[in-house]
Amino acid sequence: GASKYKLTLKTAIDNALSLLTISKTVQAEICEKYPQVVNKIDFIYPGLNKWIELDSKDEQKILEDHNIDYEYILTLSTLEPRKNHINMIKAFDIFKKRTNSPLKLVIIGKKGWFFEDIFRIVSDLNLEKEVVFLGYVPNHELSTIISNAKAFMFMSFYEGFGIPPLEALSLNIKTLVSDIPVFHEVYKEYALYTNPYSADKMAGSLEDLLKRQTRNSSTFVKDNYSWEKSANKLLSIINEFK
């Protein structure tokens, strides 16, 4: 599998007129591995989809449908090891014990692989009433659930870009993310960064985040991440080949 993939990738790299990736960070990673592409690689950021814009007319109904009548911290991603749910749950447990906070942790995302370990840690820590798994949530309901969160957490060990925190920031939600290079590139000073390997540090950062003033991060997101901007950059790259 892996060797076949590497061979296909090498062939694609050798034959491509241009290579496009989704962040400067990934561009640098590829250049390090394949120095021959340095002069023909660029990045184009993704934009945010229209459905993330909040339509408040169904807001109450959406919250009722999911039985959300409590305040919560939110995370959103497929339930798989790279997304680091286990450390988030451990951090949430430490945070609850330190602060006696009434907040719950809401987890949105379909089951990936090793999801049993995530459910197991919840029962091991007796958090069944405090951690809520909503499973898959359709796109048109997400903006309501994100915009009602007290904070958003996204603790991936690795990403090429990272859309969910950008969605949260576009709705002015306080956001805590892993201290990894690509996140600094994408969210700048609008997110709070913490060590994804330390539940203790994450718990402390969550406390700090909740005490922070809410910032107007939506303007930053709209100004920097739109499909129109992405399309214009793609056009300018294509025009170089004419």
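Where is the place of L234? L234 sits in helix α11, residues 227-239, with helices being DSSP runs of H or I of at least four residues, strands runs of E of at least two, and both numbered from the N terminus. This is a predicted model, so local features need pLDDT of at least 70 and side-chain atom pairs count only at pLDDT 80 or more, while totals for chains, interfaces and linings use all residues. Residues are numbered from 1 along each chain as its sequence is written, and side-chain values use heavy atoms, leaving out hydrogens and water.

Now for how three residues are covered. Buried means under 20% relative accessible area, exposed over 50%, and partly exposed in between (1.4 Å probe, protein chains only).

| Residue | Place | Relative accessible area |
|---|---|---|
| L234 | helix α11 | 35%, partly exposed |
| T25 | helix α2 | 17%, buried |
| R215 | loop between α9 and α10 | 37%, partly exposed |

T25 has company in α2 (24-33): V26, Q27 and C31 are buried there too. Together, the buried residues of α2 pack against β1 (19-21), β2 (41-43) and α8 (181-187). Setting aside residues up to four places away in sequence, T25 touches P181, V182 and E185, where contact means heavy atoms within 4.5 Å.

Over in its loop between α9 (199-211) and α10 (218-224), R215 is in contact with N172, E189 and Y190, again leaving aside neighbours within four places in sequence. The R215 side chain reaches the backbone oxygen of E189 at 2.9 Å. As for D65, its C-alpha atom is separated by 29 Å from that of R215, 150 residues apart along the chain.

Note on methods
A polar contact is a pair of N or O atoms within 3.5 Å; within protein, one must be able to donate a hydrogen and the other to accept it, and residues adjacent in sequence count only if both atoms are side-chain atoms.
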